[in-house]
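Trainee: I'm new to this one, and I'd like to get to know a single part of it properly. Could you pick the middle of the fold and take me through it slowly?

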Amino acid sequence: MREKITTILAQAADKLGYQLCSADEVAEAVGRGNFPMAIVGPVEAAGPMAGEVRTAVYDITINLLKIKECRADEQEPYYSMLDADARALAELVECSAEVVSVAIKSLRPQPKAHTHLRDIGLEAKLRVVLFDAPNNQVK
C-alpha cells in the first residue's frame, strides 16, 4: 500500500511540476537540480476508516520546496504559492480511483532551508484513505 500511495503522490506532484523524492534521496535530487521538489516523509498507517472494513488510512508528511530569490522579509508570496500547491496536490491525490479521501491535517511554513541552495519550504501533513480490497485489487 505504501508503494501505491507513493506512486499516486509522484503522479500528482509531477502534474504540478514537482519532483517527488524520499528523504534519503534529497542530496542526489539537489545535485541534479530537481526543483521544485516534494520530499515524502514517513507514510504511517493509521488503521481503517471508522466503520469501514475495506479502507486503509495513512498519515503522510510532504515537504514542498522551491528555490527562493528573496530576503527573509519577502517570503510570504512563496508561502502562499506553496500553500496553494499543497492544496492542489491533495486534490489531485483525491482524484485517484484508489483514494477514498484526502484531508489536510496541517500546512506549516519551513523558514529554515532544507538544502544549501536557499530553498523555501512548506510542510504538509495529509491523511489519505485508500480502498483496501482483497489482494490490494480495487473493485
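Mentor: Let's start with one word we'll need all the way through: two residues are in contact when they have heavy atoms within 4.5 Å of each other. Keep in mind, too, that this is a predicted model.

Now find isoleucine 62. Skip the residues up to four places away in sequence, and isoleucine 62 touches Leu9, Ala38, Ile39, Val40, Leu89, Leu122, Glu123, Ala124 and Leu126. To see where those partners come from, we need the layout around it.

The protein chain has three helices and five strands, and along the sequence they come in the pattern α-β-α-β-β-α-β-β. The five strands make an open sheet with mixed pairing, in the order β1-β2-β3-β5-β4. At the edges you'll find β1 (19-22) and β4 (99-110); each has a single partner strand, so one side of each has no neighbour in the sheet. From one strand to the next, the twist averages 30 degrees.

What holds strands side by side in general? Strands of a sheet pair through backbone hydrogen bonds, in either a parallel or an antiparallel way.

Let's walk across the sheet. β2 and β3 run antiparallel and are joined by eight bridges; one of the spots to look at is valine 43, whose bridge partner in β3 is isoleucine 60. Moving on, β3 and β5 are also antiparallel, with 13 bridges between them. There, valine 57 has valine 129 in β5 as its bridge partner. Then comes β5 with β4, antiparallel once more, over ten bridges. Try finding leucine 107 in that pair: its bridge partner is alanine 124 of β5.

Two helices go with this sheet in our close look. Helix α1 (residues 2-15) lies across β1, β2, β3, β4 and β5, and runs at about 145 degrees to β2. Helix α3 (residues 76-94) packs on the sheet as well, where it touches β3, β4 and β5, and its direction makes about 165 degrees with that of β4.

With that in place, how covered is β3? Twelve of its 13 residues are buried, so "mostly covered" is a fair way to put it. For the chain of 139 residues, the buried share is 41%.

Now back to isoleucine 62. Which residues have the most contacts inside the largest nonpolar core? They are Ile60 and Ile62, in a core of 29 residues. At least two residues of this core come from each of α1, β2, β3, α3, β4 and β5, and α3 gives the most, with seven. There's another core apart from this one; it has eight residues, among them Val30, Met37, Ile39 and Leu65. As a rule, nonpolar side chains in soluble globular proteins tend to be buried together.

Not everything that's buried here belongs to the list of nonpolar residues, though. Take lysine 66, which lies in strand β3. Lysine 66 has a relative accessible area of 18%, and the cut-off for buried is under 20%, so lysine 66 counts as buried. Beyond four places in sequence, lysine 66 is in contact with Tyr18, Phe35, Pro36, Leu82, Asp85, Arg118, Asp119 and Ile120.

Follow the contact to tyrosine 18, in the loop between α1 and β1. Its relative accessible area is 2%, so tyrosine 18 is buried too. The side chain of tyrosine 18 makes a polar contact, at 2.5 Å, with the side chain of aspartate 85. Asp85 is also among the contacts of lysine 66. The partners of tyrosine 18 beyond four places in sequence also include Ala13, Met37, Leu64 and Leu82.

One last stop is glutamine 110, in strand β4. Glutamine 110 is buried as well, at 15% relative accessibility. A polar atom of its side chain lies 3.3 Å from the backbone oxygen of arginine 108. Farther off in sequence than four places, glutamine 110 is in contact with Asn63, Tyr79, Gly121, Leu122 and Glu123. Leu122 and Glu123 are also among the residues that isoleucine 62 touches, which brings us back to where we began.

How values were computed: Residues are numbered from 1 along each chain as its sequence is written. This is a predicted model: local features need pLDDT of at least 70, side-chain atom pairs count only at pLDDT 80 or more; totals for chains, interfaces and linings use all residues. Side-chain values use heavy atoms; hydrogens and water are left out. Two strands pair if DSSP finds at least two bridges between them. Helices (H or I, at least four residues) and strands (E, at least two) are DSSP runs, numbered from the N terminus. Axes are lines fitted to C-alpha atoms, for helices over the stretch in contact, and angles run from 0 to 180 degrees between N-to-C directions. Buried means under 20% relative accessible area, exposed over 50%, partly exposed in between (1.4 Å probe, protein chains only). A polar contact is a pair of N or O atoms within 3.5 Å; within protein, one must be able to donate a hydrogen and the other to accept it, and residues adjacent in sequence count only if both atoms are side-chain atoms. A nonpolar core is a set of buried Ala, Val, Leu, Ile, Met, Phe, Trp, Tyr and Cys residues joined through side-chain atoms within 4.5 Å.
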